[in-house]
Amino acid sequence: RSWLTRTDKRFDVIQISLIDTWAATSAGAFALSENSLYTVDAWETFFDRLEPGGMLSISRWYNTGPSTEPFETLRTASLASEVLTRNGAEDPRDHVLIYEGAPGPYGTSAATILISPEPLTDDQITVTAESAERLGFRPILTPTDVADERFADLVAPGGPDAGLATFDEDLSPPTD
């Protein structure tokens, strides 16, 4: 984030894939602290550094074991919706794709959320869906399909607020 703030370079893709340690998370350490990569302010910088048609790719834990909720991915969807709404997106869902990767050890899985400042094209959606299927990824949210309605509620027109109101947990998008 610091480097992107200082550069004028633009990129087709900015990727943040599970760069946080899971060891601290699984032990409960820093459970209530924020990471400066996952704030509205950071994502504003990331969007500003994308080329037209560029994509922000974020991977977070989806399933961390039996009977767990995908709170990390839900909060990431909330964050995407907030940033897109602040940047003028009429329907944030037209800018977001979420896919869950194949289950790993102990039933864990990660989800990748792809966010474009511009509405996704039919070609981007089709190519992503084909690649995801080939690689064994399951669609969670696309502009036309949803596996968990809570994700659709978070990326609805107007931003995440209505969807956030349905949770007891605080999944609101953090700021600096």
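Student: What makes strand 1 and strand 2 count as a pair, and in which sense do they run?

Tutor: The model here is predicted. Two strands pair if there are at least two bridges between them. Strand 1 and strand 2 (residues 50–63) have six bridges, in the parallel sense, so they count as a pair. Within these strands, V13 stands opposite M55 in strand 2.

Student: In what order do the strands of the open sheet lie?

Tutor: The five strands have the order 1-2-4-3-5, with mixed pairing. Strand 1 (11–17) and strand 5 (138–141) each pair on one side only, and are the edge strands. On average, neighbouring strands are turned by 20° against each other, direction ignored.

Student: Which strands does helix 4 touch?

Tutor: Helix 4 (residues 71–86) touches strand 2, strand 3 (96–100) and strand 4, and packs on the sheet. Touching requires heavy atoms within 4.5 Å. The direction of helix 4 makes about 155° with that of strand 2. Helix 3 (residues 40–48) lies across strand 1, strand 2 and strand 4 (109–115), at about 140° to strand 2.

Student: How do you know that the length of helix 5 agrees with what is expected?

Tutor: The expected span is 1.5 Å times one less than the number of residues. For the 14 residues of helix 5 this gives 20 Å, and the end C-alpha atoms are 20 Å apart, so the two agree. Just after helix 5, G136 takes a positive phi of about 85°.

Student: Which element gives the most to the lining of the second largest pocket?

Tutor: Helix 5 does, with six residues. Strand 4 also supplies at least two. The pocket holds about 190 Å³ of space.

Student: Why is R134 called charged in that lining?

Tutor: R134 is one of the lining residues, and Arg counts as charged. The lining divides into six nonpolar, three polar and one charged residue. Tyr counts as nonpolar, so Y99, also in the lining, belongs with the nonpolar residues.

Key: Residues are numbered from 1 along each chain as its sequence is written. This is a predicted model: local features need pLDDT of at least 70, side-chain atom pairs count only at pLDDT 80 or more; totals for chains, interfaces and linings use all residues. Side-chain values use heavy atoms; hydrogens and water are left out. Helices (H or I, at least four residues) and strands (E, at least two) are DSSP runs, numbered from the N terminus. Axes are lines fitted to C-alpha atoms, for helices over the stretch in contact, and angles run from 0 to 180 degrees between N-to-C directions. On a 1 Å grid over the protein atoms alone, a cavity is a set of points where a 1.4 Å probe fits but cannot get out, and a pocket is an open set with protein on both sides within 12 Å along at least five of seven lines; lining residues have an atom within 4 Å of a point. Grid points are joined across faces, edges and corners, and a volume is the space filled by probe spheres set on the points.
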